[in-house]
2 protein chains.
Amino acid sequence: MEKPSLPKGTRDFGPLQMSRRKFILNNIEKVFIKYGFQPLETPAMENLSVLTGKYGEEGDKLLFRILNSGDFLKKTSPSDYEQGTNAMLPLITEKGLRYDLTVPFARYVVMNRNDITFPFRRYQIQPVWRADRPQKGRYREFYQCDADVVGTDSLICEADIIMMINEVFKHLGITDYTIKMNHRALLSALAEKINAPDKAGDLFVAMDKLDKIGKEGVINELQQKGFSADAVKILEPVFNFKGSNKELLNFMENLFKGIEKGESGIADIRSILNYLNHYRSEAAYLNLDITLARGLSYYTGAIFETVVNNVKIGSVSGGGRYDDLTGVFGMPGVSGVGFSFGVDRLYDVMEELNLFPKEATRSVKALIVHFSENNKTYGLGVLKKLRDAQVSAEVYPDNAKLKKQLTYANKKDIPYVIIIGDNEQESGQLTLKNMGSGDEYNLSADEIVEKLH
Amino acid sequence: MEKPSLPKGTRDFGPLQMSRRKFILNNIEKVFIKYGFQPLETPAMENLSVLTGKYGEEGDKLLFRILNSGDFLKKTSPSDYEQGTNAMLPLITEKGLRYDLTVPFARYVVMNRNDITFPFRRYQIQPVWRADRPQKGRYREFYQCDADVVGTDSLICEADIIMMINEVFKHLGITDYTIKMNHRALLSALAEKINAPDKAGDLFVAMDKLDKIGKEGVINELQQKGFSADAVKILEPVFNFKGSNKELLNFMENLFKGIEKGESGIADIRSILNYLNHYRSEAAYLNLDITLARGLSYYTGAIFETVVNNVKIGSVSGGGRYDDLTGVFGMPGVSGVGFSFGVDRLYDVMEELNLFPKEATRSVKALIVHFSENNKTYGLGVLKKLRDAQVSAEVYPDNAKLKKQLTYANKKDIPYVIIIGDNEQESGQLTLKNMGSGDEYNLSADEIVEKLH
């Protein structure tokens, strides 16, 4: 018989991984809810008409497509078959797996435009699927964790995002990180400043690599792309700039004097900082960074990216403001701002920094162990008391040697066992053993409940 | 532009549905964890070699298959195409979507047999996909919610299942329901008793319809299937039996005297009842029902089914003991017992009985409304205080007419608004309005936090 296996690029999450993932996700969700975000879930399958064309040509190739049910060949002809995959594809598949959470969100907004109360704050935590070549840290099924506000231009939303990132990281115990912020208008202003507004895309793509290839590398790439020596001369001090957020704002104010986009971008950022100030937020983690570009994405306003310092894993959170979420589905004018957490990366960071609290990932607090069927049955009353007090507990279900029962407790990382023999049963004084320290206590069932709950 | 749509048989879950579903699922999960069950998640996609042949011929047809990525036709030839779907299918698809949670669980156990600590208690709450014809209450994507213990024959697990169902229903506020219990050995004994052990399958299938087609219907079907008049004569009092669990046990003891399977089935049930007794469980909801069959499934021991009385929706929970979870993957001897909740049906029941508590499905507790940018900005300090006290709150982000802001609060079902105008800002005495009663209070920010947290 063939041994069963997993499709490549996919994973099982066993009890330990699950409890750790839940620790991360529950903390994120709690913060989303506290900030007024409401949950949304969309189906795994979407019509291909919804998905295709939204992620570029490369993205279309990475969609997992569902074969039509039943006689899937019925719409095809031998000549379609001869023409090959491109001719066959639309005839045998109608649906695909969700590739991200943004397009399904946009579809939801368009389909429910009359029922949604705007501004609409939604969060969505669901897996997505991409037929990418699997490699370390890259999977074909992975969770995304998005929060967006649509239907408002208020920059309070940007301030809220920074607050939420800070709060989530505080709960997770991550203390050394940087939230980088920039503004698309400042990037456009920069392109204008160097007299290359038509080459803004090339500029952003190159600058986005600053972390990876360094200043020299970026300048090299810009020269190759035909940026002038004058342009590079203006850009160099931008790349070299070191200073506080305030100093950077002053530097930019000088740089972009008379450039409308630059001025409006600076005004937005000042406004966000002002809101944060009223929130009494420690801005310690926030770093303005005029070289942050976030690829060639659909953002139009402020953009964010969070990195954990001294952990080489890339950004663990990112987002920004956009002015057109749903135009592609025929509903223009829906602007908003959103961000997401990279759950797999956060997991790896937490593991590397040894931040998962043992308590939070332990599920069972006590195991009842016993010497006979009679002792075990007696233990059920104790078990009921524990559970009634909301203590997660179990009884070793089989009649087995004590050693086997204790091994089970150790393997399952259960911190306490309650030992019930005939003496204990008669006296009502049970033995509570702390599996970590080895300490033992003689206590009544009620005293044990008192101690463990 | 084409209006975007959902694939048939799939659904979006918007904020209200999500909060209600979460209310159900969180309560179930809390109980699972309290009883020592640990979470597992498996990928949406499984290799077809894992899925096919596990759900019968009909089930295989209902699998959603993923088209191979890239040049999916490369393993096919024109003659395959001419032969049609059955020849093409295995050449262009390797993966399918999860059809249930049991087969992936079995695969997981087999693949991780050396790392799992048995007895292994796992719960799993994930969507499954079936290419069924969609109809009212039947979807192509729906959640399953399973808990199983494998690697033990202890009947404490059965008692635990009954305890868990009771506890979940208590949390959900469902008070009028019946947990039906039977035992496969009793069904076999019944077939033996009527001298038709070879026709046990036909007997179970017919009896399973008792609720739907009534006693006459079942007897009719049995006669058609060739059961003798003598057999029917023995079965009639079984179908007619009315009495307590104790009376039914006595009745069966008489009926199955000398039939080994009958005696062992009765012993099991007595044992389960004894454990429940030690748990001090109200057995009020438990009904022995010798006509319960649960289809032709893989169960071999006790079986359960829960119905909500006076709600015509079928069973909302079911399960039973099996003696071979993983044999199909080459790992024999893994016995266990499991059950699941039907989340969609529970949702419908809760809705029909109006059981969703308003409080539990409300996410945001307070909205700050304001008359100017300045008032709004001042409100951020208040908002911070609320959130620091774990009160879910938001500020209306735009500068808008008060009426618009209050309409937003009403539509989003936010119970309190905090009104900040110039007077409030100057005096620090804000207006807290209860949106339900219309009552207004003049309070400081700290007093408001005190009242709402």
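A polar contact is a pair of N or O atoms within 3.5 Å; within protein, one of the two must be able to donate a hydrogen and the other to accept it, and residues adjacent in sequence count only if both atoms are side-chain atoms. By this rule, 42 residue pairs, with both members at pLDDT 80 or more, are in polar contact between chain B and chain A. The model described here is a predicted one, and a good place to begin is the way its two chains meet.

The side of chain B that touches chain A draws its largest share, nine residues, from helix 15 of chain B, which covers residues 373-388. Sorted by class, this side of chain B holds 53 nonpolar, 29 polar and 26 charged residues. The contact takes 108 residues from chain B and 108 residues from chain A. Between them, the two chains bury about 9200 Å², and 62% of this area is on carbon and sulfur atoms. Three residues, Lys34(B), Tyr81(B) and Arg387(B), supply 8% of the area that chain B buries against chain A, more than any other three residues.

How are the two chains placed relative to each other? A turn of 180 degrees, with a shift of 0.0 Å along the axis, lays chain B on chain A with an RMSD of 0.0 Å. This is the relation of a two-fold axis. Among the residues of chain B, the one that comes closest to the rotation axis is Ile66(B), whose C-alpha lies at 2.3 Å from it. The interface agrees between the copies as well: 100% of the interface residues of chain B are also interface residues in chain A, so the copies meet through the same surface.

Charged pairs also link the chains. Side chains of opposite charge can pair when their charged atoms come close. Eight salt bridges are counted between chain B and chain A, while the structure holds 50 over all chains. One of the pairs is formed by Arg107(B) and Asp12(A), with the closest N and O atoms 2.8 Å apart. Because Arg107(B) lies in helix 6 of chain B and Asp12(A) in the segment before helix 1 (15-34) of chain A, this pair joins two chains. Another salt bridge is that of Arg121(B) with Glu394(A), where the closest N and O atoms are 3.0 Å apart.

Turning to a single chain, chain A has 18 helices and 16 strands. Its C-alpha trace spans about 90 × 70 × 45 Å along the principal axes. The radius of gyration of chain A is 28 Å, whereas a compact globule of 453 residues would have one near 22 Å.

Some details of the backbone are worth a visit too. Phe118(A) and Pro119(A) are joined by a cis peptide bond, with omega about -5 degrees. Pro119(A) sits in the loop between helix 6 (102-111) and strand 5 (120-129) of chain A. In chain B, the peptide bond from Phe118(B) to Pro119(B) is cis, with omega near -5 degrees, and Pro119(B) is found in the loop between helix 6 (102-111) and strand 5 (120-129) of that chain. Asn354(A), although not a glycine, has a positive phi of about 55 degrees. The place of Asn354(A) is the loop between helix 14 (343-352) and strand 12 (366-370) of chain A.

Definitions and conventions:
Residues are numbered from 1 along each chain as its sequence is written. Chains are lettered from A and ligands numbered from 1 in the order in which they are written. Side-chain values use heavy atoms; hydrogens and water are left out. Copies are superposed by least squares on the C-alpha atoms of residues with pLDDT of at least 70 in both. Contact means heavy atoms within 4.5 Å. Buried area is the accessible area (1.4 Å probe) that two parts lose on being put together, summed over both. A salt bridge is a side-chain nitrogen of Lys or Arg within 4 Å of a carboxyl oxygen of Asp or Glu. Helices (H or I, at least four residues) and strands (E, at least two) are DSSP runs, numbered from the N terminus. Ala, Val, Leu, Ile, Met, Phe, Trp, Tyr, Cys and Pro count as nonpolar, Asp, Glu, Lys and Arg as charged, and the others, Gly among them, as polar. The radius of gyration is taken over C-alpha atoms; the globule rule is 2.2 Å times the number of residues to the power 0.38.
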